[in-house]
Amino acid sequence: MNFKDMDVVSIRDFSREQIEEILERSRQMLPYARGEKISKALEGKILGNLFFEPSTRTRLSFESAANRLGARVIDVSQTSETSMVKGETLADTIRMVEAYSDVIVLRHPHEGAARLAARFSNKPVINAGDGAGSHPTQTLLDLFTIEEELGNIEGMNVTLLGDLKYGRTAHSLAEALTVLGAKLTFVAPETLQMPKETVDRVKQLGGSPLITSDIEGIISSVDVLYVTRIQRERFPDPAEYQKVAGTYRVDREMLREAKKDMIVMHPLPRIDEIAPEVDSTPHAKYFKQAFNGIPVRMALLTLVLGVEV
Ligand code: NCD
């Protein structure tokens, strides 16, 4: 399959076979991600990292993935550092970064920004999160984590818990998990449930998600508990945030009812939705999940740049 020059804007850009190929390449990248093997596959390439929203993991793991494979990284982290404060459009900014780099990674507060950027760049654009829209590279590392930990995705009971309305990672993941044959449950306060568009899409893809606000009632049948943060910055009204803040908290008490090999995932950052006491249980996989950002982003960068490792 040819990924060269491909934009990665939405997980919908990939077929099931392509997702499987990326996960396979990610597995091959593990020794390079750990620094056990060395490769200069991306030597001479430049990654343009544009992060117009806060980020720790996504930005640093793209940078680390590129550096470990010998690429150089140029970056800006605030629109105030760019000529956008002078009124330059995103389209023109992207045209410039395209001229200075071989691949562009963009995080932006507006849904649709990555799609727009991809239209103005002939070089590959990778969406690192567009507002409440989607986060396809997070989805790939989430899928990779489930496969690595449980050996399989098909048939697994995956529960997405928390802010499913504004949490972009949950949107991309729900679609991809359905394509790969997992069974989904969406647990959220009513006002933060999965958007209709995503529910409809999951159904179109053949899924029949269970939609509820009750985590205690279903915890014993879950294979993967995917917890998300309530996305305070996306609430139009702070009072609305206060109403739902702290609704769910995964703690040891809740996990007493869980299967022994259930895994707890979280794209991070967490606030108070997973108690720190969970970190030392065998269920906790969120830090390993964050590490998996490296092999998966190595796989993506080598594929869209058309280089072998
Ligand atoms: C997520 C994001 O930015 O959407 N973080 C990440 O990329 N790992 C989740 C979040 O901010 O809650």
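The ligand is surrounded by Thr58, Arg107, His135, Gln138, Arg168, Thr169, Arg229, Gln231, Pro267, Leu268 and Pro269, where a residue counts as near if one of its heavy atoms lies within 4 Å of the molecule. The model is predicted, with local features needing pLDDT of at least 70 and side-chain atom pairs counting only at pLDDT 80 or more, while totals for chains, interfaces and linings use all residues. Residues are numbered from 1 along each chain as its sequence is written, and side-chain values use heavy atoms, with hydrogens and water left out.

By class, this shell holds three nonpolar, five polar and three charged residues. Here Ala, Val, Leu, Ile, Met, Phe, Trp, Tyr, Cys and Pro are nonpolar, Asp, Glu, Lys and Arg are charged, and the others, Gly among them, are polar.

The table lists polar contacts of the ligand (pairs of N or O atoms within 3.5 Å).

| Residue | Protein atom | Ligand atom | Distance |
|---|---|---|---|
| Arg107 | side-chain N or O | oxygen | 3.0 Å |
| Arg168 | polar side-chain atom | oxygen | 2.7 Å |
| Leu268 | polar backbone atom | nitrogen | 3.0 Å |

On its own the ligand has 320 Å² of accessible area, of which the protein covers 93%; areas come from the Shrake-Rupley method with a 1.4 Å probe.

As for the fold, the chain contains 11 helices and nine strands, taken as DSSP runs (H or I, at least four residues, for helices; E, at least two, for strands). Its C-alpha atoms fill a box of roughly 55 × 45 × 40 Å along the principal axes.

Technical notes. Polar contact = N/O pair within 3.5 Å; in protein donor to acceptor, adjacent residues only side chain to side chain.
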